[in-house]
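Me: Could you take a close look at the charged side chains in this one, and at how they sit in the fold? I'd like one connected walk-through, please.

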Amino acid sequence: MIETVKNMKDANGTLTGYLINGTMSVPLDESNTDYQAVQEWVAEGNTPADE
Amino acid sequence: MASTINAKTTGTGGIEYTGDASGNVAIQSDGTTVLNATASGVEVTGTLQNNNVQVATQNVLGVRNLIINGDMRIAQRGTSQTGLVSGNNFLIDRWLFNLDTTGTWTYEQDTTDVPTGQGFVSSLKLSCTTANASITGTKWMNLQHRFEAQFLQHLKWGTASAESLTLTFWVKSNKTGTYTLSIYKSEGTAYGISKEYTIDTADTWEKKTISIDAHTIDVIANDNGDGMRIYWVLDSGPDRKSSTLQTSWGVYDSTAFISPSQATLADSTSNYLNITGVQLEVGDTATPFEHRPYDMELQRCQRYYHQGMYAFMSSSATTLIYNLQFPVTMRTTPTETHRYPETGGVTNDVYNIATAATPTFVPDGSFADINGIKFAYDFDAGLTADDGYQTYFTFDAEL
């Protein structure tokens with residue numbers, strides 16, 4: 001169950017992944033089921049927070 | 001009954017024949033049958049050799065079980081989860097317990113209750129701790145096994161040469177009655193097929209064999225995605241079983257996925273279900289369970305999940321340098337979590353080996369790929385440069 005999502009960025013400010021619920025570091029990989037869950041969460045109208 | 005051809009070793013030796021009208025023939029050595037030929041085939045009762053090398057009779061068909069961890073031995077995440085009320089829950093590797101407003105459940109690896117004489121040492125057990133006898137709408141509860149698509153290409157699904165499948169498993173429950181076994185082809189257009197089976201006797205291990213028709217309609221993509229799922233349905237609200245059960249392959253119909261006669265496993269805190277010895281194989285013949293070596297099965301599980309304590313170095317207050325190779329190539333870039341210490345640890349903590357400090361460190365998302373992890377940044381980290389750290393990682397690439 002996703003409660004919070006934060007954008008994760010590298011030193012250049014490029015998006016590198018998401019942090020779900022403050023604990024799960026999720027890569028930008030379409031085959032990763034947590035990444036898929038974030039995309040569904042965004043499609044429901046939610047927006048990840050910036051770090 | 002059979003005609004016999006017997007090579008004698010007594011007296012002057014020679015060949016002795018007997019005949020009957022069975023159509024069968026037995027080849028004997030001094031009266032001991034070593035081979036039977038019947039209308040259905042040949043059975044070797046003696047040792048089978050090829051150029052003086054004995055041919056294996058165990059696993060003779062190779063790695064034929066498409067299920068990973070079908071005997072429930074591998075449980076990297078632990079041996080018990082309690083208080084489950086919703087979501088996808090993995091405990092025993094590759095086995096997903098999904099529930100939604102269907103009471104409260106315990107999911108555990110049971111190392112005492114297994115079918116007698118089958119060589120199994122563990123089973124998967126689900127126990128109800130808070131009942132729900134009035135599940136509503138589309139709410140349901142199931143046990144799932146998901147298959148990576150590229151490992152199913154030899155099924156030739158979506159072609160005229162598509163293969164059928166045979167599923168075998170051992171199951172035990174106090175709750176007798178009709179249960180649903182459903183197959184779901186996931187990628188692209190979803191397709192489904194469902195079969196009924198019965199648990200006939202309470203509190204007794206029963207072996208079930210279910211034939212699954214070849215799927216000739218749509219191909220399975222040759223990739224690392226979710227190619228197929230098997231659902232052992234445990235209970236359901238009315239909206240998933242309102243139509244006649246879909247017993248032939250067709251476009252997935254959520255109202256016909258579960259038998260209208262489906263047992264209601266969530267209706268009492270007395271209810272439980274154990275399952276083990278799950279085997280899915282190509283063709284229409286069920287063969288004995290393929291007991292694979294523990295280390296081989298563990299490595300197959302680690303493609304989807306693994307965990308462990310790892311050490312690494314800091315190069316600055318914000319950067320950690322790793323050199324960690326995963327035990328096997330993972331299905332996809334994994335989701336990472338970490339905590340310290342392993343038991344009762346604090347999420348996101350790392351442990352400074354020199355100072356015993358435990359700063360929080362949340363790596364950015366690009367630090368891993370399917371083979372391992374290298375380095376990571378966290379702008380908020382309070383690390384000490386050039387110190388050694390350790391933490392307890394999990395890497396999850398489940399389907």
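Reply: Let's fix one term before anything else: a residue counts as buried when its relative accessible area is under 20%, and as exposed when that figure is over 50%. Keep in mind too that this is a predicted model.

With that cut-off, start at Arg292(B), which is buried because its relative accessibility is 4%. Its partner is Glu297(B), and the two side chains meet in a salt bridge at 2.8 Å, N to O. Glu297(B) is buried as well, with a relative accessible area of 3%. So side chains of opposite charge can pair when their charged atoms come close, and here both ends of the pair are out of the open: 4% for Arg292(B) and 3% for Glu297(B).

Now go to Asp200(B), which sits in the loop between strand 14 (191-199) and strand 15 (206-212) of chain B. At 51% relative accessibility, Asp200(B) counts as exposed. Asp200(B) makes a salt bridge with Lys208(B), with 3.3 Å between the closest N and O atoms. Lys208(B), though, is buried, at 10% relative accessible area. The same two side chains also turn up as a polar contact, at 3.3 Å. Leaving out residues up to four places away in sequence, Asp200(B) touches Thr176(B), Glu206(B) and Lys208(B). For a bit of fold context, Ser173(B) is 27 residues from Asp200(B) in sequence, with their C-alpha atoms 9.4 Å apart.

Lys8(B) and Glu16(B) give you another case: they form a salt bridge whose closest N and O atoms are 4.0 Å apart. Lys8(B) is partly exposed at 31%, and Glu16(B) is partly exposed at 36%.

There's also a network of salt bridges, linking Arg77(B), Arg94(B) and Glu398(B). Over all chains, the whole structure has 17 salt bridges.

What about the contact between the chains? Zero salt bridges are found across the interface of chain B and chain A. The side of chain B that touches chain A still has five charged residues, along with seven nonpolar and nine polar ones. Polar contacts do cross over, with 10 residue pairs found at pLDDT 80 or more for both residues. In chain B, strand 21 (residues 335-340) supplies the largest share of that side, three residues. The contact takes 21 residues from chain B and 18 from chain A, and about 1500 Å² is buried between the two chains, with carbon and sulfur atoms giving 51% of that area.

To round things off, here are the rings. The count comes to 23 aromatic pairs over all chains. One of them is Trp140(B) with Phe257(B), an edge-to-face pair at 6.2 Å centre to centre and 70° between the planes. This pair links distant parts of the chain, 117 residues apart: Trp140(B) is in strand 11 (residues 140-148), and Phe257(B) is in the loop between strand 17 (250-251) and strand 18 (272-282). Both Trp140(B) and Phe257(B) are buried.

Another pair is Tyr310(B) with Phe393(B), whose planes are at 40° with ring centres 6.0 Å apart, so this one is tilted. Tyr310(B) lies in strand 19 (residues 305-314) and Phe393(B) in strand 25 (residues 388-396), so the pair ties together parts 83 residues apart in sequence. Phe393(B) is buried, at 1% relative accessible area. Both rings belong to one aromatic cluster, together with Phe312(B), Tyr322(B), Phe326(B) and Phe395(B).

How values were computed
Residues numbered from 1 in each chain as written. Chains lettered and ligands numbered in written order. Heavy atoms only, no water. Buried < 20%, exposed > 50% of the residue type's maximum accessible area, 1.4 Å probe, protein only. Contact = heavy atoms within 4.5 Å. Buried area = accessible area lost by both parts, 1.4 Å probe. Polar contact = N/O pair within 3.5 Å; in protein donor to acceptor, adjacent residues only side chain to side chain. Helix = DSSP H or I, 4+ residues; strand = E, 2+ residues; numbered from the N terminus. Nonpolar A, V, L, I, M, F, W, Y, C, P; charged D, E, K, R; others polar. Phe/Tyr/Trp six-rings, centres within 6.5 Å; stacked < 30°, edge-to-face > 60°.
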